[in-house]
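Colleague: I have this model open beside my bench notes and would love a close look at one part of it. Could you start there and then walk me outward through the rest?

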Amino acid sequence: MDSDPPCPQCHSANAYHDGSLWTCPDCGHEWTPGAAAAADDTTDVIRDANGTPLADGDTVTVIKDLKIKGSSQVVKGGTKVKNIRLVEATDGHNISCKIDGIGAMGLKSEFVRKA
């Protein structure tokens, strides 16, 4: 007899097959076996403008001049930003960092490339 797959969300062994979906009675999560494997491979990877995956602590380079909202300052293209921190995207800004001469700010990963 086949062993039923555990729930991908809560890892409960009580999952059961219901039509074309698997259902977990403990957390209520429903999934298809193929979709669960595909979802695990693409879990929120933040990529730079070239498609290279980014990680906390990376050094990136700004690829174009960026105006700073509410200020007359500009982050020039070619500016290196060290020790970035990846955060949950708020208004598309998924990188938190400190830039010399400007201070703490958020950047969008589409405007940087990994150095």
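The part I mean is Ser12: where is Ser12 found, and is Ser12 buried or exposed?

Modeller: Happy to, and please keep in mind that this is a predicted model. Ser12 sits in the segment before strand 1, which covers residues 16-18. Its relative accessibility is 10%, and buried means under 20%, so Ser12 counts as buried. Setting aside neighbours within four places in sequence, you will find Ser12 in contact with Pro6, Cys7, Cys24 and Asp26.

Now for the cores. The largest nonpolar core holds 15 residues, and Val75, Val81, Cys97, Met105 and Leu107 have the most contacts inside it. Strand 4 (60-62), strand 9 (93-99) and strand 10 (103-107) each give two or more residues to this core. Strand 9 supplies the largest share, with three residues. Take Val75 as an example: leaving out neighbours within four places in sequence, Val75 is in contact with Val62, Lys64, Asp65, Leu66, Ile68, Ile99, Ile102 and Met105. Apart from the largest core lies another one, of five residues, with Cys7, Ala15, Trp22 and Trp31 among them. Cys7 is thus a member of this other core and also one of the contacts of Ser12.

Next, the strands. Strand 8 (residues 85-90) pairs with strand 9 in the antiparallel sense, over three bridges. Within this pairing, Thr90 stands opposite His93 of strand 9. The two strands form a hairpin with two residues between them, and there Asp91 takes a positive phi near 55 degrees. Elsewhere, three strands make an open, antiparallel sheet in the order 7-4-11. Strand 7 (80-81) and strand 11 (112-114) are its edge strands, each pairing on one side only. Strand 4 and strand 7 run antiparallel and are joined by two bridges, with Val60 standing opposite Val81 in strand 7.

Last comes the largest pocket, which offers about 370 Å³ of space. Its lining is made up of 15 residues, and Lys67, His93, Met105, Gly106 and Leu107 lie nearest its centre. Strand 5 (66-67), strand 8, strand 9 and strand 10 each give two or more residues to that lining. By character, the lining residues are seven nonpolar, four polar and four charged. Two names may look familiar: Met105 and Leu107 lie nearest the centre of the pocket, among others, and they are also listed with the most contacts inside the largest core.

Key:
Residues numbered from 1 in each chain as written. Predicted model: local features only at pLDDT ≥ 70, side-chain atom pairs only at ≥ 80, totals over all residues. Heavy atoms only, no water. Core = buried A, V, L, I, M, F, W, Y, C linked by side-chain atoms within 4.5 Å. Buried < 20%, exposed > 50% of the residue type's maximum accessible area, 1.4 Å probe, protein only. Helix = DSSP H or I, 4+ residues; strand = E, 2+ residues; numbered from the N terminus. Contact = heavy atoms within 4.5 Å. Pairing = 2+ DSSP bridges. 1 Å grid on protein atoms, 1.4 Å probe; cavity = no way out; pocket = protein on both sides within 12 Å on 5 of 7 lines; lining within 4 Å. Points joined across faces, edges and corners; volume = space filled by probe spheres on them. Nonpolar A, V, L, I, M, F, W, Y, C, P; charged D, E, K, R; others polar.
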